[in-house]
Amino acid sequence: MTGSALSAPTLALGLLAGVLGLGACAMQAEMPQPSEGAKLYANNCAACHGHRAMGDEPLIGGQIAPDLTMLASRNDGTFPRAEVLSQIDGYAKGTHVGRVMPEFGAVLTGETVPVDIEGTLTPTPRPLAALLAYLEDVQT
Ligand code: HEC
């Protein structure tokens, strides 16, 4: 009786230690900071989407790159991570006739970090995750 009463908390403690251990691992490869994405944005995206991600830069042919600070508000207040990732990466290309924006999936590669995409932790190349963090940070 006493033995089993003792073993339950011991087991719980062991489980807790396991969870904390996992947590510590996840911390090492956490979501990059917006500042990391800001540099990538300046180098790869600002030419078309503007220095503050507000669009308005007329492109060759007169097209205007969309304002990227309104992505969340145009999506009922939720930043559409999956759509934004596929747009940057180029997955969305097949669905967008006459797409102007280049694909970045082949150049923005690197170690993957877990990114919560609609409730699923999805391994995502770090530069793409950093851009996501930056864009989420500039939502208005
Ligand atoms: C050559 C110009 C150009 C560059 C460079 C560019 N984009 Fe775009 N982007 C566009 C255009 C134009 C669109 C509108 C869709 C289309 O025509 O492809 C767009 C669409 C988007 C969208 C979807 C916006 C919406 O309203 O749904 C996102 C997100 C985006 N770009 C992010 C980025 C990021 C992040 C980068 C840098 C890694 C980048 N873009 C680089 C021109 C560009």
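The following legends describe close-up views of a predicted model of a protein chain with a ligand.

**Figure 1. Overall arrangement of the protein chain.** The secondary structure of the protein chain consists of five helices and two strands. Read from the N terminus, these elements follow the order α-α-α-α-β-β-α. Of the 140 residues in the protein chain, 19% are buried. When contacts between residues at least 6 apart in sequence are considered, 49% of them join residues at least 24 apart.

**Figure 2. The shell of residues around the ligand.** The ligand is surrounded by 20 residues, of which C45, C48, P66, V100 and M101 come nearest. Two helices, α3 (46-49) and α4 (81-89), each contribute at least two residues to this shell. By character, the residues of the shell comprise 14 nonpolar, five polar and one charged.

**Figure 3. The buried and exposed faces of helix α2.** Helix α2 spans residues 34-44, and G37, L40 and Y41 are buried within this helix. These residues lie on the same side of α2, because they cover an arc of only 105° around the axis. An α-helix has 3.6 residues a turn, so residues three or four places apart point the same way. The packing partners of the buried residues of α2 are α3 and α5 (126-137). On the face of α2 turned away from the buried side are the exposed residues S35, A42 and N43.

**Figure 4. The backbone at D76.** D76 is located in the loop between α3 and α4. Although D76 is not a glycine, this residue has a positive phi of about 55°. The surroundings of D76 contain 7 other C-beta atoms within 10 Å. D76 is therefore classed as exposed, the cut-off for that class being 12 or fewer such atoms.

**Figure 5. The backbone at E118.** The loop between β1 (112-117) and β2 (120-125) holds E118. A positive phi, of about 50°, is found at E118, which is not a glycine. E118 counts as exposed because 9 C-beta neighbours lie inside 10 Å, and the class admits 12 or fewer.

Terms used
Residues are numbered from 1 along each chain as its sequence is written. This is a predicted model: local features need pLDDT of at least 70, side-chain atom pairs count only at pLDDT 80 or more; totals for chains, interfaces and linings use all residues. A residue is near a molecule or strand if its C-beta atom, placed from the backbone, lies within 6 Å of it. Helices (H or I, at least four residues) and strands (E, at least two) are DSSP runs, numbered from the N terminus. Ala, Val, Leu, Ile, Met, Phe, Trp, Tyr, Cys and Pro count as nonpolar, Asp, Glu, Lys and Arg as charged, and the others, Gly among them, as polar. A residue is buried if 20 or more other C-beta atoms lie within 10 Å of its own, exposed if 12 or fewer, and partly exposed in between; C-beta atoms are placed from the backbone. The arc is that of the directions from the helix axis to the C-beta atoms. Two residues are in contact if their C-beta atoms, placed from the backbone, lie within 7 Å.
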